Amino acid sequence: MTRRSEQLSPELHDYLVSRSTPPDAVLRELAAETLERTGASAGMQIGPEQGTFMTLLARMIGARNAVEVGTFTGYSSICLARGLAPGGRLLCCDVSEEWTSIARRYWAKAGLGDTMELRLAPALETLRALPDGTLFDLAFIDADKEGYIGYWDEIVPRIRQGGVVLVDNTLSHGRVIDETEHSSQVQGIRDFNDHALADDRVDLVLLPVGDGLTLAYKK
Ligand SMILES: C[S@@+](CC[C@H](N)C(=O)[O-])C[C@H]1O[C@@H](n2cnc3c(N)ncnc32)[C@H](O)[C@@H]1O
């Protein structure tokens, strides 16, 4: 069994991005404003090819109701929302009024104001307060890494059969396999990756998209 995956040089990555459906003017403007307003924190935003992938995935599974944990300035939420079926809803969880105020402006610019519901509170509280039962077709987890297992445990039971959970940063910039790395973020990701793999309710694949994107299919 071959074990190699293609190493992406910056040039090859640029090529890959240039041969994927590009972000539109709203997303480009949002990315530029995020960089200008948040500086180094802008690195938390998903990349353009991941955004396109998430829009297509939402469309492919016919998602109508979705939840996002970690909205920041709104890039990934716009990508997800654009893939939802007409009348779809995206519940956005974050703790930052400052960052999500940027998201709100761009939701309006993208004509998605009615699609989004923002809850400003620790995401675990928001998720625990949701009713039981299948509420969502699709979820995206991209917040504090130490919280991933808690988010997963609240979200998976609320995903319909055939629905998908996407989880970001599951390679931790390669640090997941660095035995000298003991930060709580990286250990949080390692623990999460083990936890999700052992969960019989899903089949999953860890994709080398962005900083590692786990795609879990609810059986
Ligand atoms: C990596 S960023 C999200 C990036 C976003 N998905 C995007 O692509 O633009 C992580 C976000 O999680 C939020 N966050 C951190 N801890 C949180 C918590 N306990 N509950 C909810 N949100 C949290 C932060 O405020 C930040 O906006």
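A residue counts as buried when its relative accessible area is under 20%, as exposed when it is over 50%, and as partly exposed in between. With that scale in hand, this briefing looks at a predicted model, in which a search of the whole structure finds 14 salt bridges. It describes several of these pairs, and then turns to the ligand, which has 20 residues around it.

**A salt bridge between two strands**

- Glutamate 117 and arginine 89 form a salt bridge in which the closest N and O atoms are 3.6 Å apart.
- This pair links distant parts of the chain, since glutamate 117 belongs to strand E3 (residues 116-120) and arginine 89 to strand E2 (residues 89-94), with their positions 28 residues apart in the numbering.
- Glutamate 117 has a relative accessible area of 28% and is therefore partly exposed, and arginine 89, at 35% relative accessibility, also counts as partly exposed.

**A salt bridge between two loops, and its network**

- Aspartate 132 and arginine 158 meet through their side chains in a salt bridge, at 3.5 Å from N to O.
- Aspartate 132 lies in the loop between helix H6 (123-128) and strand E4 (136-141), while arginine 158 lies in the loop between helix H7 (148-155) and strand E5 (159-168), so the salt bridge ties together parts that are 26 residues apart in sequence.
- Aspartate 132 counts as exposed because its relative accessibility is 70%, whereas arginine 158 is buried, with a relative accessible area of 5%.
- Both residues also belong to a network of salt bridges that links Arg128, Asp132, Glu154 and Arg158.

**A buried salt bridge**

- The side chains of lysine 145 and aspartate 142 meet in a salt bridge, with a distance of 3.5 Å from N to O.
- Lysine 145 and aspartate 142 are both buried.

**The surroundings of the ligand**

- Among the 20 residues around the ligand, those that come nearest are Gly70, Ser76, Asp94, Ala123 and Asp142.
- The shell around the ligand is made up of 12 nonpolar, five polar and three charged residues.
- Aspartate 142 places a polar side-chain atom 2.8 Å from a nitrogen atom of the ligand, and aspartate 144 has a polar side-chain atom 3.3 Å from a nitrogen atom of the ligand.
- Isoleucine 46 contributes a backbone N or O atom, which lies 3.1 Å from an oxygen atom of the ligand.
- The ligand taken alone exposes 610 Å², and the protein buries 88% of that area.

Methods
Residues are numbered from 1 along each chain as its sequence is written. This is a predicted model: local features need pLDDT of at least 70, side-chain atom pairs count only at pLDDT 80 or more; totals for chains, interfaces and linings use all residues. Side-chain values use heavy atoms; hydrogens and water are left out. A salt bridge is a side-chain nitrogen of Lys or Arg within 4 Å of a carboxyl oxygen of Asp or Glu. Helices (H or I, at least four residues) and strands (E, at least two) are DSSP runs, numbered from the N terminus. Buried means under 20% relative accessible area, exposed over 50%, partly exposed in between (1.4 Å probe, protein chains only). A residue is near a molecule or strand if one of its heavy atoms lies within 4 Å of it. A polar contact is a pair of N or O atoms within 3.5 Å; within protein, one must be able to donate a hydrogen and the other to accept it, and residues adjacent in sequence count only if both atoms are side-chain atoms. Accessible areas come from the Shrake-Rupley method with a 1.4 Å probe; for residues, only the protein chains shown count as cover. Ala, Val, Leu, Ile, Met, Phe, Trp, Tyr, Cys and Pro count as nonpolar, Asp, Glu, Lys and Arg as charged, and the others, Gly among them, as polar.
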